[in-house]
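Please examine the sequence and the three-dimensional structure shown below. The report that follows describes selected residues, strands and spaces.

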Amino acid sequence: MRRRDRHGRGMRGPLAPSHVPIAKSRGERFDDLVLDAVDRLKPRWGTQLASVEFAVEEVPPAAELVDGPARLSSDPIPLGRAESASGDEPASVVLYRRPLEARARDRDQLGTLVLDVVVEQVASLLGLTPETIDPGYDDRH
């Protein structure tokens, strides 16, 4: 007689129903934080952000991991990047999930950090200051 596992209990079911937040993966929860940050900016900047694509990558590409004087930031690992529209490609803002998660102590701090990076990248894309994009940015720093 063949059993599914050695204790004869069969396959285990999911730990939580699919509609509750705990059932989401870490990547899905991070995507939700990015969407929340973008939604926070849309009432004021909706027309400017309508053609901007927002994306999440696990880690920055190796080409962005440059040490030495060529690097403008004091942080050797970028948290995100903004790319202007070119040809058929729309403007985009990309956040790097793993470096952001590594810098946050908890979910609340991660949400704040994601919002700050989205604001900084949108400001860079639009040629404005982060304080102009989100007036609360100055209070968080």
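D134 lies in the loop between α4 (130-133) and α5 (137-140), where helices (H or I, at least four residues) and strands (E, at least two) are DSSP runs numbered from the N terminus. The model is predicted: local features need pLDDT of at least 70, side-chain atom pairs count only at pLDDT 80 or more, and totals for chains, interfaces and linings use all residues. Residues are numbered from 1 along each chain as its sequence is written, and side-chain values use heavy atoms, with hydrogens and water left out.

With a relative accessible area of 7%, D134 is buried; buried means under 20% relative accessible area, exposed over 50%, and partly exposed in between (1.4 Å probe, protein chains only). Not counting residues up to four places away in sequence, D134 touches R40, L41, L115, V119 and R140. Contact here means heavy atoms within 4.5 Å.

**Overall arrangement**

The protein has five helices and three strands, and along the sequence they follow the pattern α-β-β-β-α-α-α-α. Of the 141 residues in the protein, 31% are buried. Among the contacts with a separation of 6 or more, 56% are between residues 24 or more positions apart.

**The strands**

Two strands pair if DSSP finds at least two bridges between them. The pairings that involve β3 (92-96) are set out here.

| Strand paired with β3 | Sense | Bridges | One bridge pair |
|---|---|---|---|
| β1 (residues 53-57) | parallel | five | V56 and L95 |
| β2 (residues 80-83) | antiparallel | four | A82 and V93 |

Why is β3 described as largely enclosed by the rest of the structure? Five of the five residues of β3 are buried, so the strand is largely enclosed. In a regular strand the side chains alternate between the two faces of the sheet. In β3, S92, V94 and Y96 point one way, whereas V93 and L95 point the other way.

A82, found in strand β2, is partly exposed, with a relative accessible area of 26%. Its C-alpha atom is separated by 5.7 Å from that of S92, and the two residues are 10 residues apart along the chain. Leaving aside neighbours within four places in sequence, A82 is in contact with S92, V93, Q121, S124 and L125.

**The nonpolar core**

In soluble globular proteins, nonpolar side chains tend to be buried together. A nonpolar core is a set of buried Ala, Val, Leu, Ile, Met, Phe, Trp, Tyr and Cys residues joined through side-chain atoms within 4.5 Å. The largest such core here has 27 residues, and those with the most contacts inside it are L95, L100, V114 and V118. α1, β3 and α3 each supply at least two residues of this core, and α3 gives the most, with 10 residues. Not counting residues up to four places away in sequence, L100 touches F30, L79, L95, L110, L113, V114 and V117.

**The second largest pocket**

The lining of the second largest pocket consists of R26, R29, F30, E101, A104, R105, D106, R107 and L110. A pocket is an open set of points on a 1 Å grid over the protein atoms alone, where a 1.4 Å probe fits, with protein on both sides within 12 Å along at least five of seven lines; lining residues have an atom within 4 Å of a point. α1 (26-49) and α3 (107-126) each supply at least two lining residues, and α1 gives the most, with three.
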